[in-house]
Amino acid sequence: MMQEPHPHNDNQDKEMEHVYKEIEIKLNSRNFNLLIQILGDPNKIIHAGLYKVRDLYSDARCLVFLRKGSRLELKKFHLRYFHMDKERICAISNIVKTTSSLCQLYLQHCNIDAIGAFMIGESVKTTSTTSVTVLNLDGKLIEDDGAIALANALETNQHLETLSLDKNMISSRGAVAIAKKCIGVNSSSLLRLDLYGNMISEKGAVAIAENLSMNCWSSKLRYLHLGKNRIGNLGMIALARALKRKNMPLETLLLHFNNVGNTGACALANSLRVNNHTLTTIDLQRNLIGNPGVLALLGAVEMNSSIDSVELFGNRCNRQLTDAVDSIVKKKERNRVR
């Protein structure tokens with residue numbers, strides 16, 4: 001019999017103590033052995049079952065439950081910096097398949113490789129049995145084969161809203177698959193795509209832009225993070241072209257550390273002048289944009305009614321110009337408040 005953990009502080013109320021007991025009962029059910037298989041120590045599972053989860057940057061093991069009548073349902077599974085072998089990944093896949101209440105699955109920096117990505121993808125493939133809306137596999141080992149396998153599995157998924165694959169050494173080949181299967185399909189439910197710190201290059205950015213453009217009438221994508229991907233001017237031009245399309249849903253575009261220069265900045269500025277009234281946030285920090293590019297953006301931001309955040313720190317331009325852009329954005333914000 002496992003011991004009930006001690007309360008974290010003296011102010012913890014009796015209801016929380018009752019929650020602990022219910023979690024212990026819940027975790028003695030059919031998924032308990034699977035959880036032991038993943039986390040190793042049953043006491044870690046009990047300690048992990050808390051309403052309030054501190055976002056730790058090392059060795060984080062978190063399970064979040066929500067009350068439904070007299071039961072507690074598993075809603076969020078979060079592991080970070082936790083070694084995952086094939087057996088543990090298989091156990092997690094089985095939990096996803098058999099736990100319809102699970103909405104958020106975070107396996108960040110957990111040594112998930114291409115085979116692991118395939119197994120996780122297969123577990124969320126069928127929307128009739130799974131309801132995962134957030135899938136985060138940030139790490140460094142998925143690479144192109146894993147990204148392709150994951151994209152193929154997600155093509156038929158109609159629940160997933162957030163997909164994060166930061167720092168996984170994904171090149172243009174993996175990005176093309178993600179673009180076609182997760183953005184270019186009419187049934188996609190994806191709201192947020194995060195590919196920060198990969199190597200998708202201009203080719204990958206072009207594929208994402210083209211699929212977003214072709215499917216803009218049905219796409220739900222609001223947030224796109226392509227920071228630190230070497231997309232260059234050609235990738236920026238392709239994204240700017242996509243932003244000109246009517247019904248483009250994109251609201252946040254993060255492109256810092258991407259070798260974007262004046263040509264790409266001017267293309268973006270032209271899109272903001274011509275047609276786009278949904279984009280609100282642009283991050284172009286640490287690129288190669290000089291005075292001509294910032295001047296073009298300055299005029300575009302002044303004309304565009306939707307932009308409320310533009311980040312240009314660390315470019316090759318005069319500080320006075322970036323300050324001028326900031327001033328316009330703040331002025332527009334004050335006017336909206338009034």
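**Cysteine 216**

I began with the contacts of cysteine 216 in this predicted model. Setting aside neighbours within four places in sequence, I found cysteine 216 in contact with Arg245, Lys246, Asn247, Met248 and Pro249. I then looked up where cysteine 216 sits: the loop between helix 8 (201-214) and strand 7 (223-225). Its relative accessible area is 3%, so I entered cysteine 216 as buried, the cut-off being under 20%. I also took a C-alpha distance, from cysteine 216 to leucine 243, and it came to 9.4 Å. Those two residues are 27 apart along the chain.

**Serine 188**

Next I went to serine 188, which is in the loop between helix 7 (172-183) and strand 6 (192-194). Is serine 188 buried or exposed? At 10% relative accessibility I put serine 188 down as buried. I followed its side chain and found that it reaches the backbone oxygen of cysteine 182 at 2.6 Å. Cys182 also turned up in the contact list of serine 188, together with Lys220, once neighbours within four places in sequence were left aside.

**Strand 3 and its partner**

I counted burial along strand 3 (residues 104-108). Of its 5 residues, 4 are buried, so I noted the strand as largely enclosed by the rest of the structure. I then checked its pairing with strand 4 (residues 134-136) and found the parallel sense, over 3 bridges. Which residue of strand 4 stands opposite glutamine 104? I traced it to valine 134.

**Positive phi**

I looked for backbone angles out of the ordinary. Most residues other than glycine have a negative phi. Histidine 109 does not follow this, with a positive phi of about 55°. I placed histidine 109 in the loop between strand 3 and helix 5 (114-123). Its relative accessibility is 28%, so I listed histidine 109 as partly exposed.

Phenylalanine 257 is another non-glycine residue with a positive phi, again about 55°. Phenylalanine 257 lies in the loop between strand 8 (252-254) and helix 10 (262-274). With a relative accessible area of 42%, phenylalanine 257 went into my notes as partly exposed.

**Rings and charges**

How many aromatic pairs are there? I counted 0, taking a pair to need ring centres within 6.5 Å. I did find charges over rings. The charged end of lysine 76 sits over the ring of tyrosine 106, at 5.1 Å from the ring centre. The charged end of arginine 192 sits over the ring of tyrosine 223, at 3.7 Å from the centre.

I compared these residues with the elements already entered. Tyrosine 106 falls within strand 3, which spans residues 104-108. Tyrosine 223 falls within strand 7 (223-225), and that strand follows the loop that holds cysteine 216. Arginine 192 falls within strand 6 (192-194), and that strand follows the loop that holds serine 188.

**Whole protein**

I closed with the totals. I counted 12 helices and 10 strands. The protein has 338 residues, and 53% of them count as buried. Among contacts with a separation of 6 or more, 79% join residues 24 or more positions apart. The accessible surface comes to about 16100 Å², and carbon and sulfur atoms hold 50% of that.

Conventions. Residues are numbered from 1 along each chain as its sequence is written. This is a predicted model: local features need pLDDT of at least 70, side-chain atom pairs count only at pLDDT 80 or more; totals for chains, interfaces and linings use all residues. Side-chain values use heavy atoms; hydrogens and water are left out. Helices (H or I, at least four residues) and strands (E, at least two) are DSSP runs, numbered from the N terminus. Buried means under 20% relative accessible area, exposed over 50%, partly exposed in between (1.4 Å probe, protein chains only). Contact means heavy atoms within 4.5 Å. Rings of Phe, Tyr and Trp (its six-membered ring) pair if their centres lie within 6.5 Å; planes under 30 degrees apart count as stacked, over 60 as edge-to-face and the rest as tilted. A charge sits over a ring if NZ of Lys or CZ of Arg is within 6 Å of the ring centre and within 35 degrees of the ring normal. Two strands pair if DSSP finds at least two bridges between them. A polar contact is a pair of N or O atoms within 3.5 Å; within protein, one must be able to donate a hydrogen and the other to accept it, and residues adjacent in sequence count only if both atoms are side-chain atoms. Accessible areas come from the Shrake-Rupley method with a 1.4 Å probe; for residues, only the protein chains shown count as cover.
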